[in-house]
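Colleague: Please choose one part of this model and take me through it closely, then set it in the context of the rest of the chain. I would like the cut-offs spelled out as you go.

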Amino acid sequence: MHSSTELSSTQKNRIRLAVSLFFFSQGLAFSSWASLIPTIKSDLGISEGQLGTLLLLMPIGQLCTMALSGKLVAKFGSKNVLRIVVLIYPFILCCIGLAQNFYQLGAVLFFFGVIGNMCNISVNTQGVEVEKIYGKSIMSSFHGAWSIAGFTGALIGLLMMNLHVNTFYHFVIIYGLIILSWFINKKYLVDSTPAPTKEKKSIFSKPDTVLVQLGIIGFLSMATEGAMFDWSGVYFQDIVKAPQNLVVVGYASFMVMMATGRFVGDYFISKYGKQRVMQISGILMFSGLMLSVFFPQFIVCTIAFMMVGLGVACNVPTVYSVAGKNKNVNPGVALAMVSSISFLGFLMGPPLIGYIAEAFDLRYSYALFACFGLIMVFMVGRMKIFKNINN
């Protein structure tokens, strides 16, 4: 493993850039699929109900292999796992472009989720290792690179559609870009082989209490993220009554501020500490959502969604960073466990919004999710691990 005392500032920065580009590569592959969902749906003649089923298969694949991913990273090291899975991930993306029907696409998406999860655990474990080299919080900037990849993937998708490039060749181009980045950056990954943990039982047999609590905080934040990803456009359309060409403003304002928050978050964490930043984040989540509930006007809701974007920006990176520093559990296993609980937020959040909106109104849904911010503030204030970590 690299030691911070052995590395010059230039070497540290090169390692950080390499890991950032691995985060970017994973985000680029995912966003390339996400940006072409309407096109693929149309090409294969998939119904709305079938699409809903397909979109569930990917997170099911992720959840099914959470424990396996953690054990692989613990046994072989995040560097070795990441070097392999980051090449398999865009290969499966290309297979999505070759799917000819609902069943083929479903099978491919399941494995897209499986490998995506392995990428997620291994690349975040690399992020934890790089934080150790720097001796300060830098995880948020890594997740910022993932967010930037989301914009980049959407822009490339738009370009490919205007150039009439079909889905498969579009994904092959993405694969080529990721391979190029892999060749340039693979040697700069942190070379560390974690020591075997004493506990050899399943990570779910006797869960670490702190990791469960971190997972719940991640759940609250990711449920809110999911609500914004899937419902912000609908909120602007149905509640705000925005003009059709401005409906996307809600989603865009949230995304821009979430990405911005991730790049500036490390500075504020270093200055004020993880606990205070997380508590302010919870307050922003609560205030932004409640503002949109009580004042559903275009300008107010745009500002409100920006507040929510800032509020969720640093939560998951910070939770992963803290989990990776747990001295009782291997970083890969710890991240797998926290991710398992957190990711349920993405699964359960958006459908819950829909059920409440169907029974009452979308504003009631957002009011309920606003409370997640307050719960997070309370939990972070009570957890000793946040009080003991300065940055």
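Modeller: I would start with helix H13, in which Asn315, Val316, Pro317, Thr318, Val319, Tyr320, Ser321, Val322, Ala323 and Gly324 are buried, where buried means under 20% relative accessible area, exposed means over 50%, and partly exposed lies in between, with a 1.4 Å probe and protein chains only. Because 10 of the 10 residues of H13 (315–324) are buried, this helix is largely enclosed by the rest of the structure. Helices here are DSSP runs of H or I with at least four residues, strands are E runs of at least two, and both are numbered from the N terminus. The model is a predicted one, so local features need pLDDT of at least 70 and side-chain atom pairs count only at pLDDT 80 or more, whereas totals for chains, interfaces and linings use all residues. Residues are numbered from 1 along each chain as its sequence is written, and side-chain values use heavy atoms, leaving out hydrogens and water.

Two residues of H13, Thr318 and Val322, are in contact with Phe386, contact meaning heavy atoms within 4.5 Å. Beyond its neighbours within four places in sequence, Phe386 also touches Leu214, Ile217, Lys274, Gln275, Met278 and Val380. Phe386 is in turn one of the residues with the most contacts inside the largest nonpolar core, together with Trp33, Ile96, Leu214, Ile217 and Tyr235, and that core has 110 residues. Helix H6 (102–134) gives the most to this core, with 14 residues. A nonpolar core is here a set of buried Ala, Val, Leu, Ile, Met, Phe, Trp, Tyr and Cys residues joined through side-chain atoms within 4.5 Å.

Following the chain out of H13 leads to Lys325, whose side chain meets that of Glu131 in a salt bridge at 2.6 Å, N to O. This pair links distant parts of the chain, since Lys325 sits in the loop between H13 and H14 while Glu131 belongs to helix H6, 194 residues apart. The two ends differ in exposure: Lys325 counts as partly exposed at 31% relative accessibility, whereas Glu131 is buried at 2%. A salt bridge requires a side-chain nitrogen of Lys or Arg within 4 Å of a carboxyl oxygen of Asp or Glu, and a search of the whole structure finds 3 of them. Another joins Glu225 and Arg262, with the closest N and O atoms 3.7 Å apart, and connects helix H9 with helix H10 across 37 residues of sequence. Both Glu225 and Arg262 are buried. Asp361 and Arg363 also form a salt bridge, at 3.7 Å between the closest N and O atoms, and here Asp361 is partly exposed at 24%, as is Arg363 at 34%.

Helix H14 (331–359), on the other side of that loop, contains Pro350, which is buried with a relative accessible area of 9%. Not counting residues up to four places away, Pro350 touches Gly226, Ala227, Asp230, Trp231 and Gly345. Gly345 is also a partner of Ala223, which touches Phe346, Gly349, Phe369 and Phe372 as well. Ala223 lies in helix H9 (209–239) and is buried at 1%; although 122 residues separate Ala223 from Gly345 in sequence, their C-alpha atoms are 3.9 Å apart.

For the setting as a whole, the chain has 16 helices and 0 strands, and buried residues make up 53% of its 391 residues. Among contacts with a separation of 6 or more, 85% are between residues 24 or more positions apart. The radius of gyration, taken over C-alpha atoms, is compared with a globule rule of 2.2 Å times the number of residues to the power 0.38; the chain has 20 Å, which agrees with the value near 21 Å for a compact globule of 391 residues. The C-alpha atoms fill a box of roughly 55 × 50 × 40 Å along the principal axes.
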